[in-house]
Number of protein chains: 2
Amino acid sequence: MSATPDSEIGTARIHQEEILEAAALCFMERGYNASSIDDVARRLGSTKGRIYHHYRSKADLFADVYRYGMELNAAAIKPLCGAYDDPVEKLKAMAKVHCLTMLRTRPFQRCVWEGVSLLMRGATTPEQRETLEELQGLRESYATRFREVMEGAKAMGKADFESSGIALQIFLMALNSPIFWYSPRETDDEDKLDEIASRCTRFALQGLGIKKEYLQDV
Amino acid sequence: MSATPDSEIGTARIHQEEILEAAALCFMERGYNASSIDDVARRLGSTKGRIYHHYRSKADLFADVYRYGMELNAAAIKPLCGAYDDPVEKLKAMAKVHCLTMLRTRPFQRCVWEGVSLLMRGATTPEQRETLEELQGLRESYATRFREVMEGAKAMGKADFESSGIALQIFLMALNSPIFWYSPRETDDEDKLDEIASRCTRFALQGLGIKKEYLQDV
DNA sequence: CTTGGAGCATACTACCGGGTATGTTGTCAA
DNA sequence: TTGACAACATACCCGGTAGTATGCTCCAAG
């Protein structure tokens with residue numbers, strides 16, 4: 001984590017991504033506390049030794065899953081940041097992409113969600129609390145991207161929410177909601193995910209008071 | 001739990017309500033798995049013995065917290081069920097009351113929420129799974145109340161969502177959302193809660209495509 | 001070829017927490 | 001007065017799990 005050259009960090013990441021995925025699946029299915037390191041190892045077809053070789057503790061592993069999930073989110077909306085003039089159009093695109101990312105990377109996003117809960121519960125060691133607050137910072141700066149665009153739309157008179165703090169919370173909650181009530185079926189293809197994301201996006205934007213005529217193409 | 005007369009069930013309930021409240025607070029703060037029975041007992045200023053005298057297991061205690069939370073919900077919307085002709089007016093009232101109940105009984109509602117997760121994760125014994133499915137039935141019949149009114153409003157052309165299944169999920173999620181992002185401040189009075197509930201209700205109803213002119217008084 | 005370290009597996013410890021078995025106290029009815 | 005039971009408290013057991021210590025193997029650099 002210090003003087004290692006980038007190439008080795010890259011290969012380490014590749015090795016660890018397999019662990020990250022297994023951990024995300026376990027944490028999603030049973031929750032953080034109910035999942036044991038042995039569960040994660042079993043899913044990998046290996047043993048604890050492998051995991052503790054890469055991570056110093058269970059909390060460290062969870063933090064990395066969280067971080068990876070947030071990286072996926074940030075990467076998904078990054079191309080959109082400089083590509084729009086109209087805030088409403090930008091918000092439409094960001095919301096849709098965000099929701100699709102939720103659906104596509106559900107296990108990681110569930111961990112991000114539980115990470116927020118763990119933070120609010122404050123049941124961690126001071127050291128781990130510092131790490132989680134750093135990760136919480138990632139999430140807040142991500143949310144700020146949305147807040148700015150929301151307020152841009154409001155300034156143009158195309159949205160009419162009042163408290164941007166509350167509106168942002170409900171807005172993101174509507175977009176995040178499929179990670180809870182959606183469970184993938186074998187018959188579900190990319191079009192199905194796109195349809196679900198469209199429904200969520202329309203709901204969320206209408207909730208902000210954006211008129212339906214702006215939302216034909218979501 | 002069998003041949004006990006109603007009066008004794010009543011007094012038992014009174015004794016147990018104190019336990020229920022402590023358990024709800026613990027489960028809210030640290031989650032089900034991370035909360036020990038000793039934690040709940042400590043909060044009560046007593047020991048495990050008291051809890052295990054009233055509940056056969058930790059899962060039983062949690063189930064009762066869940067049940068109590070759902071009873072609070074059902075009781076809150078019950079007076080509204082026969083009181084409206086216009087589905088939109090009825091939906092407005094139900095949504096507002098539901099959201100207020102979320103804010104007022106947050107610890108219990110967080111347990112109801114985690115109960116849903118535990119069910120979906122399916123990490124329980126077959127016997128406990130039966131209990132949780134019964135409780136899940138309570139929740140579904142509660143949700144059905146909202147679904148029917150939503151479809152009534154849609155039939156009148158006053159709402160324009162497409163899939164009522166998805167719309168219901170997002171709608172309830174928006175109304176439930178304050179149990180996650182709201183934490184009470186000392187300065188918050190009843191008016192503050194009412195304002196938050198209004199904001200959530202407006203967002204949720206607008207998300208369903210209900211026009212703003214119908215929502216002046218929420 | 002050897003040596004050191006990465007990448008694991010194996011074996012073990014220590015502790016926490018759910019559950020139980022049993023003791024203690026107050027109350028109330030016969 | 002007593003006995004019976006509710007409502008707890010105390011003391012204990014034991015399985016599961018985070019974390020550690022150590023062993024094994026392969027590969028690459030010297």
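The following conversation goes through the contacts between the protein and two DNA strands in a predicted model.

Visitor: Why is Ile37(A) said to be near DNA strand D?

Guide: A residue counts as near a strand if one of its heavy atoms lies within 4 Å of that strand. Ile37(A) has a backbone N or O atom lying 3.0 Å from a phosphate oxygen of DNA strand D, and since 3.0 Å falls within 4 Å, the term applies. Ile37(A) is also listed, with Lys48(A), Ser46(B), Thr47(B) and Arg50(B), as coming nearest among the 14 residues around DNA strand D. Of the atoms of DNA strand D that come within 4 Å of the protein, sugar and phosphate account for 61%.

Visitor: Why is the pair formed by Ser35(A) and DNA strand D called a polar contact?

Guide: The cut-off for a pair of N or O atoms is 3.5 Å, and a polar backbone atom of Ser35(A) is 3.4 Å from a phosphate oxygen of DNA strand D, so the pair qualifies. The same reasoning covers Lys58(A), because its backbone N or O atom lies 3.0 Å from a phosphate oxygen of DNA strand D.

Visitor: What makes the approach of Lys48(B) to DNA strand C a polar contact?

Guide: A polar side-chain atom of Lys48(B) lies 2.5 Å from a base oxygen of DNA strand C, and this distance is within 3.5 Å, so the pair is a polar contact. Phosphate oxygens of DNA strand C take part as well: one is 2.9 Å from a side-chain N or O atom of Thr47(A), and one lies 3.3 Å from a backbone N or O atom of Ser35(B). The elements giving two or more residues to the surface near DNA strand C are H3 of chain A and H3 of chain B.

Visitor: Which helix gives the most to each surface?

Guide: For DNA strand D, H3(B) gives the most, with 4 residues, whereas for DNA strand C the most comes from H3(A), with 4 residues. Helix H3 (48-54) of chain A and helix H3 (48-54) of chain B each supply at least two residues of the surface near DNA strand D.

Visitor: How do you know which class Lys58(B), one of the closest residues to DNA strand C, belongs to?

Guide: Lys counts as charged, so Lys58(B) belongs to that class. The surface near DNA strand C divides into 2 nonpolar, 9 polar and 3 charged residues, and the surface near DNA strand D likewise has 2 nonpolar, 9 polar and 3 charged residues.

Methods. Residues are numbered from 1 along each chain as its sequence is written. Chains are lettered from A and ligands numbered from 1 in the order in which they are written. This is a predicted model: local features need pLDDT of at least 70, side-chain atom pairs count only at pLDDT 80 or more; totals for chains, interfaces and linings use all residues. Side-chain values use heavy atoms; hydrogens and water are left out. A polar contact is a pair of N or O atoms within 3.5 Å; within protein, one must be able to donate a hydrogen and the other to accept it, and residues adjacent in sequence count only if both atoms are side-chain atoms.
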